[in-house]
Protein chains: 2
Amino acid sequence: MDEPREIPDLEPGASIEAVRALRESLDREERASLEASVETLFDLLGRAHALSVLAVFAFADRPLRFGDIEATLGVAPNTLSTRLSELTDCGLLERRAYDESPPRVEYTPTPKAVALFPVIGHCYRWAADYAP
Amino acid sequence: MDEPREIPDLEPGASIEAVRALRESLDREERASLEASVETLFDLLGRAHALSVLAVFAFADRPLRFGDIEATLGVAPNTLSTRLSELTDCGLLERRAYDESPPRVEYTPTPKAVALFPVIGHCYRWAADYAP
DNA sequence: CCGCATCCTACCGGATACTG
DNA sequence: CAGTATCCGGTAGGATGCGG
């Protein structure tokens, strides 16, 4: 009774029809659980610069340091610190600190984050098509 | 010299590699324009309940009224009012007011919004796979 | 030096009451 | 019914400080 309807793999660009069918195939409890998970995700992404931070990682080909992201996005350090902590706590980023001088901290996207990158990609395509 | 590299059509689930290649094919000016458009989109989506509102429309099969969304999401009316105005101003929703009593206002997603629905769909799939 | 914590200010979002 | 007015708590932004 665990997850008989578990989605086998993550297909990028899931059409709404497919997801709508998925939602309707779930019973009340499973569906509430799914909605809650999505709500958590939306709450996370629905904060200042969260999507932008993800985008920076999506286009980077190496681990990123605090200063890298700060310079790229130009956000206040405390805000960036909060976002990075949240993303790390949710298992989207992995934080590795090296005990050096000067100190070095590197952030790496986890597979969980990589699985979200198509969202970023789609937003870029959308912007290229529908921008003013 | 207008848009020789215009993306022909919106493919759902654009891989980051493809978008990365696109970004690198653009010259400085075009790329800055794209980044600005994406930034605008991220700023819009990065507000409270914006993604949730989009999701409600993505799964609805008819125009929605203010009270529908309010009841579904349980958000404060002033916040919802602001979000709906922003989405309407950005051309994602079309607002139609009927001069009746009691008054009736319907919101319909535009093609521009429909083109964003795969983002919602992907988030649902992601949540089903990676949720706690 | 770099990554963050603190302090303070401004604005945004939540709850409730109220109007056309 | 579809919002607006009002009040208030929380969160983001900017500058600065400090610990490693």
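In this predicted model, the atoms of DNA strand D that lie within 4 Å of the protein belong to sugar or phosphate in 66% of cases, and the rest belong to bases. DNA strand D is surrounded by 17 residues, and the closest of these are His49(A), Asn78(A), Thr79(A), Arg95(B) and Tyr107(B), so named from both protein chains by the definition of a near residue. Divided by class, the surface near DNA strand D consists of eight nonpolar, six polar and three charged residues.

Individual polar contacts to DNA strand D involve its bases as well as its backbone. A polar side-chain atom of Asn78(A) is placed 2.3 Å from a base oxygen of DNA strand D, and an N or O atom in the side chain of Asn78(B) is found 3.3 Å from a base oxygen of that strand. A polar backbone atom of Gly67(B), by contrast, lies 3.0 Å from a phosphate oxygen of DNA strand D. The elements that give two or more residues to the surface near DNA strand D are helix 5 of chain A and, from chain B, helix 4 (66-73), helix 5 and strand 3 (104-109).

For DNA strand C, 62% of the atoms within 4 Å of the protein belong to sugar or phosphate, the remainder being base atoms. Here 18 residues surround the strand, with Arg95(A), Tyr107(A), His49(B), Asn78(B) and Thr79(B) as the closest. The surface near DNA strand C is made up of eight nonpolar, six polar and four charged residues.

Among the contacts to DNA strand C, Asn78(B) has a side-chain N or O atom 2.3 Å from a base nitrogen, and Asn78(B) is also the residue whose side chain approaches a base oxygen of DNA strand D at 3.3 Å. Thr79(B) contributes a side-chain N or O atom that lies 2.9 Å from a phosphate oxygen of DNA strand C, while a polar side-chain atom of Arg65(A) is 3.3 Å from a phosphate oxygen of this strand. Two or more residues of the surface near DNA strand C come from each of helix 4 (66-73), helix 5 (77-89) and strand 3 (104-109) of chain A, and from helix 5 (77-89) of chain B. Helix 5 of chain B gives the most to this surface, with four residues.

Between the two protein chains, 52 residues of chain B are in contact with 52 residues of chain A. The size of an interface is often given as the accessible area lost when the parts come together. For chain B and chain A, the buried area is about 5100 Å², of which 69% is given by carbon and sulfur atoms. The count of salt bridges between chain B and chain A is zero, whereas eight residue pairs, with both members at pLDDT 80 or more, are in polar contact across the interface.

On the side of chain B that touches chain A, at least two residues are supplied by each of helix 1 (16-25), helix 2 (28-45), helix 3 (50-59), helix 6 (111-114) and helix 7 (117-130). Helix 7 of chain B gives the most to this side, with 14 residues. By class, the residues on the side of chain B that touches chain A comprise 34 nonpolar, six polar and 12 charged.

Chain A itself contains seven helices and three strands, which follow one another along the sequence in the pattern α-α-α-β-α-α-β-β-α-α. The C-alpha trace of chain A spans about 55 × 45 × 25 Å along its principal axes. The domain assignment divides chain A into domain 1 (14-45) and domain 2 (48-130), and the C-alpha centres of these two domains lie 25 Å apart.

Local backbone geometry also deserves mention. Most residues other than glycine have a negative phi, and most peptide bonds are trans. In chain A, the peptide bond from Ser101(A) to Pro102(A) is cis, with omega near 5°, and Pro102(A) is located in the loop between strand 2 (93-98) and strand 3 of chain A. In chain B, the bond from Ser101(B) to Pro102(B) is likewise cis, with omega near 5°, and Pro102(B) occupies the loop between strand 2 (93-98) and strand 3 of chain B. His49(A), one of the residues closest to DNA strand D, has a positive phi near 75° and is found in the loop between helix 2 (28-45) and helix 3 (50-59) of chain A.

Methods. Residues numbered from 1 in each chain as written. Chains lettered and ligands numbered in written order. Predicted model: local features only at pLDDT ≥ 70, side-chain atom pairs only at ≥ 80, totals over all residues. Heavy atoms only, no water. Contact = heavy atoms within 4.5 Å. Buried area = accessible area lost by both parts, 1.4 Å probe. Salt bridge = Lys/Arg side-chain N within 4 Å of Asp/Glu carboxyl O. Polar contact = N/O pair within 3.5 Å; in protein donor to acceptor, adjacent residues only side chain to side chain. Nonpolar A, V, L, I, M, F, W, Y, C, P; charged D, E, K, R; others polar. Domains from an automatic or database assignment.
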